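User: Please take a close look at one part of this model, the annotated binding site, and explain how it sits within the surrounding fold.

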Amino acid sequence: MSKAKVAVVMGSRSDWPTMKLAVELIEEFGVSVEAKVVSAHRTPERLCEFATQAKDNGIQVIIAGAGGAAHLPGMVASMTTLPVVAVPVMSKALNGVDSLLSIVQMPKGVAVATQAIGEPGAFNAGLMAVQILALSDPELAKALQAWKDRQTDSVPVEVE
Ligand code: RP5
């Protein structure tokens with residue numbers, strides 16, 4: 001198996017039903033992807049190890065999803081120059097607004113590309129990763145354009 005180009009990390013196994021949408025979309029394009037649980041609060045050393053070694057391990061884009069006090073994407077971004085795409089996972093208490101706000105309001109100098117709350121955000125995070133990789137991969141760029149054309153063609157004009 002080829003080494004993963006995209007790493008999808010999440011704060012808990014409970015985030016997987018959401019985050020798997022990113023993985024599935026990336027796999028649809030034949031891009032190698034790995035997924036694992038890395039918690040900013042429960043496994044801080046695993047976080048440091050992952051974020052500092054991701055680039056040397058051949059990762060080109062990181063997707064990080066977490067819910068509630070969602071510090072994972074920002075902490076990962078603080079330790080790497082790789083692009084970090086963030087997914088605010090839906091939370092029970094505050095419907096993911098807590099996740100969104102704790103991810104999006106990054107201090108100047110540490111960039112995170114925050115997506116929508118929940119499943120649309122996870123799907124689009126996968127799409128964003130493919131778009132980033134397609135900048136330096138003409139075959140992938142062609143596949144991406146074809147995917148977008150199919151999506152456009154699938155939207156009917158008629159209302160019913
Ligand atoms: C965050 O807390 C995780 O990203 C998850 O969204 C949330 C709840 O985690 P669990 O209590 O379900 O493990 O760290």
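Analyst: Leaving out residues up to four places away in sequence, D15 touches M10, G65, A66, G67 and V89. This is a predicted model, and within it D15 occupies the loop between β1 and α1. D15 counts as buried because 25 C-beta neighbours lie inside 10 Å, and the threshold for that class is 20 or more.

D15 also appears in an annotation: the unreviewed UniProt entry lists S12, D15 and R42 under "binding site". These residues are spread over 31 residues of sequence, yet they cluster in space, with a largest C-alpha distance of 14.4 Å. R42 belongs to the loop between β2 and α2. With 11 other C-beta atoms within 10 Å, R42 is exposed, whereas D15 is buried.

The strands and helices around these loops form the wider setting. The sheet is open and has five strands, ordered β2-β1-β3-β4-β5, with parallel pairing. Strands β2 (33–37) and β5 (113–114) are at the edges and have a single partner strand each, so one side of each lacks a neighbour in the sheet. Further in, β1 (residues 6–10) and β3 (residues 61–67) run parallel and are joined by five bridges; V6 has V61 as its bridge partner in β3. Helix α1 (residues 16–28) lies across β1, β2, β3 and β4 (84–89), and its direction is at about 175 degrees to β1. Helix α5 (residues 119–134) also packs on the sheet, where it touches β1, β3, β4 and β5 and makes about 175 degrees with the direction of β4.

V6 links this sheet to the nonpolar interior. The largest nonpolar core has 44 residues, of which V6, V9, I62, I63 and V76 touch the most other members. At least two residues of this core come from each of β1, α1, α2 (44–53), β3, α3 (72–78), β4, α4 (97–104) and α5. Beyond its neighbours within four places in sequence, V6 is in contact with I26, V31, V33, I59, Q60, V61, I63 and A129.

A further loop, between β4 and α4, contains N95. Although N95 is not a glycine, it has a positive phi of about 55 degrees. N95 is exposed, having 12 other C-beta atoms within 10 Å.

As for the extent of the domain, the unreviewed UniProt entry annotates residues 4–155 as "domain: PurE". Over residues 4–155 the chain is 46% helix and 16% strand, and the end C-alpha atoms are 33 Å apart.

Note on methods. Residues numbered from 1 in each chain as written. Predicted model: local features only at pLDDT ≥ 70, side-chain atom pairs only at ≥ 80, totals over all residues. UniProt positions renumbered as here; feature names shortened; annotations may be inferred. Helix = DSSP H or I, 4+ residues; strand = E, 2+ residues; numbered from the N terminus. Pairing = 2+ DSSP bridges. Contact = placed C-beta atoms within 7 Å. Axes fitted to C-alpha atoms, helices over the stretch in contact; angles between N-to-C directions. Core = buried A, V, L, I, M, F, W, Y, C linked by C-beta atoms within 7 Å.
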